[in-house]
Amino acid sequence: WTLRFGNEVRPETEYFKEIDKKADTKVVSAMEKVIKKQTKNWTPEMASDPVQESLLKLIAEKKKDLKPNKEGAKEKSASGAKDSNVIDIMDALKKSLEKARQTRKTG
């Protein structure tokens with residue numbers, strides 16, 4: 001599946017210059033039959049890329065996992081609790097300072 005620029009492709013006369021110009025008609029007709037037998041109409045499946053298909057499937061699964069389900073959203077709003085791994089740094093700092101003050105007072 002490589003595309004080439006025009007200057008990278010040799011002319012067809014160079015490919016066939018060493019071939020005898022006279023071919024046996026029996027051989028030519030036999031080859032035409034073989035070619036006709038092996039020829040198929042093009043379908044998109046002929047150019048499938050299993051790696052790309054696997055990646056698209058993986059991306060779709062990841063997107064599905066990232067979407068919040070409706071039941072979970074209802075439960076969160078009903079309970080009012082936050083299930084998050086995000087930490088408010090200012091709150092954490094205030095708690096830490098408060099603990100440090102308490103240990104100084106008691107110690």
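pLDDT is the predictor's confidence in each residue, from 0 to 100. That score matters here, as what you see above is a predicted model, where local features need pLDDT of at least 70, side-chain atom pairs count only at pLDDT 80 or more, and totals for chains, interfaces and linings use all residues. Residues are numbered from 1 along each chain as its sequence is written, and side-chain values use heavy atoms, with hydrogens and water left out.

**Confidence and overall layout**

The protein averages a pLDDT of 82, with 84% of its residues at 70 or more. Confidence peaks in helix 2 (residues 25-38), at a mean of 93, and is lowest in helix 4 (residues 70-79), at 56. Where pLDDT is low, the predicted coordinates should not be read in detail.

There are 5 helices and 0 strands, which gives the pattern α-α-α-α-α along the sequence. Helices here are DSSP runs of H or I with at least four residues, strands are runs of E with at least two, and both are numbered from the N terminus.

How much of the protein is buried? Of its 107 residues, 0% count as buried. Buried means under 20% relative accessible area, exposed means over 50%, and partly exposed is in between (1.4 Å probe, protein chains only). About 11,800 Å² of the protein is exposed, and carbon and sulfur atoms supply 57% of that. Such areas come from the Shrake-Rupley method with a 1.4 Å probe, and for residues only the protein chains shown count as cover.

**Three helices, end to end**

The expected span of a helix is 1.5 Å times one less than its number of residues.

| Helix | Residues in it | Expected span | Distance between end C-alpha atoms |
|---|---|---|---|
| Helix 2 | 14 residues | 20 Å | 20 Å |
| Helix 3 | 17 residues | 24 Å | 24 Å |
| Helix 5 | 18 residues | 26 Å | 26 Å |

Helix 2 is hardly covered, with 0 buried residues, and helix 3 is hardly covered either, again with 0.

**A nonpolar patch**

V51, L55, L56, L58 and I59 make up a nonpolar surface patch with about 470 Å² of accessible area together. Patches take residues with over 30% relative accessible area and no salt bridge, joining like charges within 9 Å and nonpolar side chains (Val, Leu, Ile, Met, Phe, Trp, Tyr) within 5 Å. I59 lies in helix 3 (residues 50-66) and counts as partly exposed because its relative accessibility is 45%.

**Helix 5**

The structure has 1 salt bridge, meaning a side-chain nitrogen of Lys or Arg within 4 Å of a carboxyl oxygen of Asp or Glu. R101 pairs with E98, their closest N and O atoms being 3.9 Å apart. Both lie in helix 5 (residues 89-106), 3 residues apart, about one turn of the helix. R101 is partly exposed at 48% relative accessibility, and E98 is partly exposed at 38%.
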